[in-house]
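Visitor: Could you take me through one part of this protein up close? I'd like to look at the aromatic residues.

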Amino acid sequence: MSVRGRPCKTNSPDSSEPETKTRQKQAPQPRCSAAEKTNGTRRRANKQDQQKEKQQEKSCVEMRAKNADCVAEEAGNPTAGSAVQICQATTKTTKKSAKPKQEDHNSVEGKKKSPEMKKPNRIKSPERPREETVKKKGDSILKETVKKKDDVILKETLKILKIKMEERSNVAKEINDIKKHLTNHLKEKTQLFKEVQEPLNTGSYYENLKISNPDEFDVMLPLLVERAKPEPFKEDGAFYKVALQRENNPLKDLQKDGFLPASQILAEFRKEVKKLLKNVEEWKMVQAKPGCPAVTLTKTVGSIPVSLDLVLCLQVKSSWPPFTTDGFKIEGWLGAKTKQEHKRKPYYLVPKYEGKGSVEHNGVASKDAWRISFSHIEKEILKNHGSAKTCCERGGENCCRKDCLKLLKHLLHLLKEHDPSLKDVCSYHAKTTLLHACCARNKDDDWKASELLGCFKQLLLDFQGHLEAGKLQNFFVPGQNLLSGITKKTLNDLAKQIEEQLLNGFPIFAAGL
């Protein structure tokens with residue numbers, strides 16, 4: 001019962017209207033305080049500021065898009081159309097990394113401090129102005145033009161160096177005739193050299209590396225020596241003293257202190273060649289040079305003065321000397337199987353020495369020493385020079401290995417003509433440089449015929465490096481430095497002249513075109 005005597009109205013459990021709803025209807029609405037009114041004003045101000053910020057960001061996006069289009073147009077960028085997307089992505093990244101804004105409720109009169117807007121990331125314009133970009137393109141075109149010019153010079157030079165087939169045929173006939181006469185003379189009319197073997201053709205002509213004219217030929221005349229015992233003459237392993245152990249070898253009668261004197265064998269050989277020339281017309285013998293293992297004959301064939309070097313040598317059929325163990329590294333180039341096949345072949349000893357012939361080592365004079373030779377192996381690997389068997393064969397890809405060597409030999413020849421002080425540097429140094437380069441760059445793709453200019457320049461840099469270091473290892477006997485007998489001044493002068501040719505587009509070649 002109520003105070004006024006009326007029954008109180010209560011909600012029954014089955015009533016569908018919840019109690020909270022009745023209370024909400026009965027609860028009076030409170031009035032807004034002054035602080036809440038101020039907060040509402042601030043929220044409206046913040047909403048307006050956010051709208052202004054979005055408008056400013058939109059303007060920045062459009063401005064960056066225009067800048068990006070201009071940059072792309074100047075640089076010739078085909079993706080200029082995507083500049084707007086790039087700018088939008090940059091804006092999104094900037095917004096994500098920005099810290100959330102905080103209201104300053106302690107500001108004067110309740111007014112919010114406007115936060116500083118973070119400057120959007122702009123696409124950087126090129127550091128170089130348009131004029132420098134055009135200049136860079138011009139320099140690139142100029143370099144390409146110079147490259148083509150140098151390439152033409154090398155190819156035209158190779159054409160000049162090519163030997164005419166008619167000249168090759170005429171000279172080859174004369175060489176073959178004199179070889180046949182000499183071999184028959186030694187076998188039939190001498191006692192010392194009756195066991196001479198078939199002549200061994202070596203040198204650039206038979207390696208297809210001869211340049212300009214077929215005017216120089218090298219032929220080795222091997223004497224088979226069984227049970228010979230070569231012993232190192234010097235520490236580098238390139239020179240040997242030879243002792244013959246077979247009793248019935250006619251050369252054994254010439255031995256001194258148990259060793260075969262190279263100087264005496266060479267003198268006897270020269271005597272027999274002189275006897276032969278009495279019955280052979282037109283061929284003449286050149287005076288012997290100290291340390292030279294060859295007997296040189298000359299003859300004019302047509303209009304070409306021909307020189308033939310006859311080298312008497314000892315053929316040794318035994319394992320290669322231990323000094324060669326660390327040399328002849330052709331496994332990566334021609335394969336381990338090819339290397340083993342070559343190492344089963346005999347090696348040769350030629351009557352050649354270095355320095356003064358009268359200087360003795362262990363009781364043997366330098367002039368009586370023999371130098372080891374692998375000319376026949378050099379000929380074989382230059383003939384079959386590709387890592388693939390079809391390299392430079394019919395139906396296969398051509399390489400520029402031999403062309404690079406021809407150009408290097410020709411360059412060396414021309415430089416020596418202009419500077420006689422370079423006379424001690426020879427074509428064998430150029431050949432050895434190529435052999436080392438083939439092992440270092442052992443794939444056929446490293447020597448593409450289409451890349452002649454680049455390959456030749458790299459070979460020149462290799463040669464220049466050997467000259468500056470003063471060291472060029474014998475390809476078969478790495479203990480021997482082939483440049484040891486040449487002065488440092490000569491080597492440095494040649495290195496500088498080669499550098500000048502490299503930097504100036506081979507003017508010495510261009511002068512001959």
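Visitor: Which residues form one aromatic cluster?

Guide: Keep in mind that we're looking at a predicted model. The cluster you're after is made up of Trp320, Phe328, Tyr347, Phe374, Phe475 and Phe476. Now let's look at the aromatic pairs, where the count comes to 13. Take phenylalanine 193 and phenylalanine 269: the ring centres sit 6.1 Å apart with the planes at 85 degrees, and since over 60 counts as edge-to-face, that's what we call this pair. Phenylalanine 193 is in the loop between α5 and β1, while phenylalanine 269 belongs to helix α6, so the pair ties together parts 76 residues apart in sequence. Are these two buried or exposed? Phenylalanine 193 has 1% relative accessibility, so it counts as buried, and phenylalanine 269, at 0%, counts as buried too.

Next come tyrosine 240 and phenylalanine 323, an edge-to-face pair with 6.4 Å from centre to centre and 80 degrees between the planes. Here the link runs from strand β4, home of tyrosine 240, to the loop between β7 and α7, where you'll find phenylalanine 323, 83 residues apart. Tyrosine 240 is buried at 2% relative accessibility, but phenylalanine 323 is partly exposed, because its relative accessible area is 29%.

Back to Phe269 for a moment: along with Phe509, it touches the most other members of the largest nonpolar core, which has 99 residues. Leaving out residues up to four places away in sequence, the contacts of phenylalanine 509 include Ile153, Leu407 and Phe456. In soluble globular proteins, nonpolar side chains tend to be buried together.

Notes. Residues numbered from 1 in each chain as written. Predicted model: local features only at pLDDT ≥ 70, side-chain atom pairs only at ≥ 80, totals over all residues. Heavy atoms only, no water. Core = buried A, V, L, I, M, F, W, Y, C linked by side-chain atoms within 4.5 Å. Buried < 20%, exposed > 50% of the residue type's maximum accessible area, 1.4 Å probe, protein only. Contact = heavy atoms within 4.5 Å. Phe/Tyr/Trp six-rings, centres within 6.5 Å; stacked < 30°, edge-to-face > 60°. Helix = DSSP H or I, 4+ residues; strand = E, 2+ residues; numbered from the N terminus.
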